[in-house]
Amino acid sequence: MSEIQTHTEDGVTTLTLNRVDKKNSLTAAMYGAMADALQAAADDAAVRVLVIQGHATIFSAGNDIADFLNNPPAKDDAPVFRFLRGLAGFPKPIVAAVAGPAVGVGTTLLMHCDLVYAGDNAAFAMPFVNLGLVPEAASSLLAPRLMGHHRAAEMLLLGEPIQAETALEIGLVNRIVPPTEVNALAQQQARKLAAKPLSSLVETKRLMKKGHAALVGQQMMEEAGVFGRMLREPAAREAFTAFMEKRKPDFSKV
Ligand code: COA
């Protein structure tokens, strides 16, 4: 079965991350499939809302570390960057359903969604520094704006996770429900949105994001440049190798 499942019904396109044995970590092929699905949903007048969901036990463990180590995204048109640009610029409402861990891009992608529902088992982490990397998806801009600099520093500098309750408190999620109900709630809210006039949804979303849309694009480009460079440096290679060898990284020499 496909690792990115796409299903469209009643004006709602649902993307399901479906690589549960690898904790829904995302490979270049999966980013490519999601970028294509976003483009198709943006272009299709019959699609009014996008839903992104995972499994009741895992949303996403972020980038597939082995894939990143073997095929670091080199150019602007790398699938991961195509996906992030498509997501940040997606014109229609996006609803996310998160249960279980949301690590790295699993959390940063949520900052580009309009409504986020969480299972009470959800945990959010952006441990880029622990991997010798820097934030992506404009999270270095959007996280401090959303939660304030000091909370963002706990997540982005210390790499500490937050649980669903804290995510609700800081405005990263809209509501918490039992994990097995979160996908259904996202569908229910998506259908409410899909019943509204599309042009009003699109214009309202555009107006809400207009103030920082250009800044988000610039930040994503700058982050991608630094991220791409650091991915090839010793700290990231040690962190990634350590993850694959199931040991703690040793940064004493980098
Ligand atoms: N990339 C590649 N493989 C990953 C992965 C990732 N990001 N996250 C998990 N996996 C794989 C594991 O290697 C393991 O594979 P194996 O069964 O072949 O050994 C499998 O998925 C299960 O992962 P495991 O760590 O045993 O599950 P867990 O339930 O104990 O923990 C997480 C789940 C998400 C907390 C943990 O896997 C994790 O922290 N992953 C790394 C997340 C990360 O740093 N992502 C940032 C990337 S920029």
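Accessible areas here come from the Shrake-Rupley method with a 1.4 Å probe. With that in hand, let's work through a few exercises on this predicted model.

**Exercise 1. Surface and burial**

Find how much area the protein exposes, and what share of it carbon and sulfur atoms supply.

*Solution.*
- Start with the total: the protein exposes about 11800 Å².
- Then split by atom type: carbon and sulfur atoms supply 57% of that area.
- Now turn to the inside: of the 254 residues, 50% are buried.

**Exercise 2. Overall fold**

Work out how the radius of gyration of the protein compares with the globule rule for 254 residues.

*Solution.*
- Begin with the elements: the protein has ten helices and nine strands.
- The radius of gyration is 17 Å, close to the 18 Å from the globule rule, so the protein is as compact as a globular protein of that length.
- For the extents, the C-alpha trace spans about 55 × 40 × 35 Å along the principal axes.
- Finally, look at the contacts with a separation of 6 or more: residues 24 or more positions apart account for 70% of them.

**Exercise 3. Charges and salt bridges**

Count the charged side chains, then follow R247 to its salt-bridge partners.

*Solution.*
- There are 25 positive and 26 negative side chains, and the centres of these two sets lie 3 Å apart.
- The structure holds eleven salt bridges.
- One partner of R247 is E238, with N to O at 2.8 Å.
- Another is E245, where the closest N and O atoms are also 2.8 Å apart.
- Next, sort these residues by accessibility. The cut-offs are under 20% for buried and over 50% for exposed, with partly exposed in between.
- R247 has 35% relative accessibility, so it counts as partly exposed.
- E245, at 49%, is partly exposed as well.
- E238 has 16%, so it counts as buried.
- Elsewhere, salt bridges with shared partners join E3, R19 and D64 into one network.

**Exercise 4. A link between two helices**

Identify which helices the salt bridge between E169 and R151 connects.

*Solution.*
- First, the geometry: the side chains of E169 and R151 meet with N to O at 2.7 Å.
- Next, place the ends: E169 belongs to helix α7 (residues 164-170) and R151 to helix α6 (residues 149-156).
- The two residues are 18 residues apart, and the pair links distant parts of the chain.
- Last, accessibility: E169 is exposed because its relative accessibility is 57%, while R151 is partly exposed at 34%.

**Exercise 5. The buried side of α5**

List the buried residues of helix α5 (residues 139-147) and the elements that they pack against.

*Solution.*
- The buried set is S139, L141, L142, A143 and M147.
- The buried residues of α5 pack against α4 (105-108), α6, α7 and α9 (198-231).
- To see what follows the helix, check the backbone: G148, just after α5, takes a positive phi of about 90°.

**Exercise 6. A loop residue**

Decide whether N24 is buried or exposed, and describe its surroundings.

*Solution.*
- Locate N24 in the loop between β2 (12-17) and α1 (28-43).
- Its relative accessibility is 0%, so N24 counts as buried.
- Beyond neighbours within four places in sequence, N24 is in contact with residues including L17, N18, R19, G54, H55 and F59.
- For F59, 35 residues away along the chain, the C-alpha separation from N24 is 6.6 Å.

Technical notes. Residues numbered from 1 in each chain as written. Predicted model: local features only at pLDDT ≥ 70, side-chain atom pairs only at ≥ 80, totals over all residues. Heavy atoms only, no water. Helix = DSSP H or I, 4+ residues; strand = E, 2+ residues; numbered from the N terminus. Rg over C-alpha atoms; globule rule 2.2 N^0.38 Å. Buried < 20%, exposed > 50% of the residue type's maximum accessible area, 1.4 Å probe, protein only. Contact = heavy atoms within 4.5 Å. Lys, Arg positive; Asp, Glu negative; His and termini not counted. Charge placed at Lys NZ, Arg CZ, Asp CG, Glu CD. Salt bridge = Lys/Arg side-chain N within 4 Å of Asp/Glu carboxyl O.
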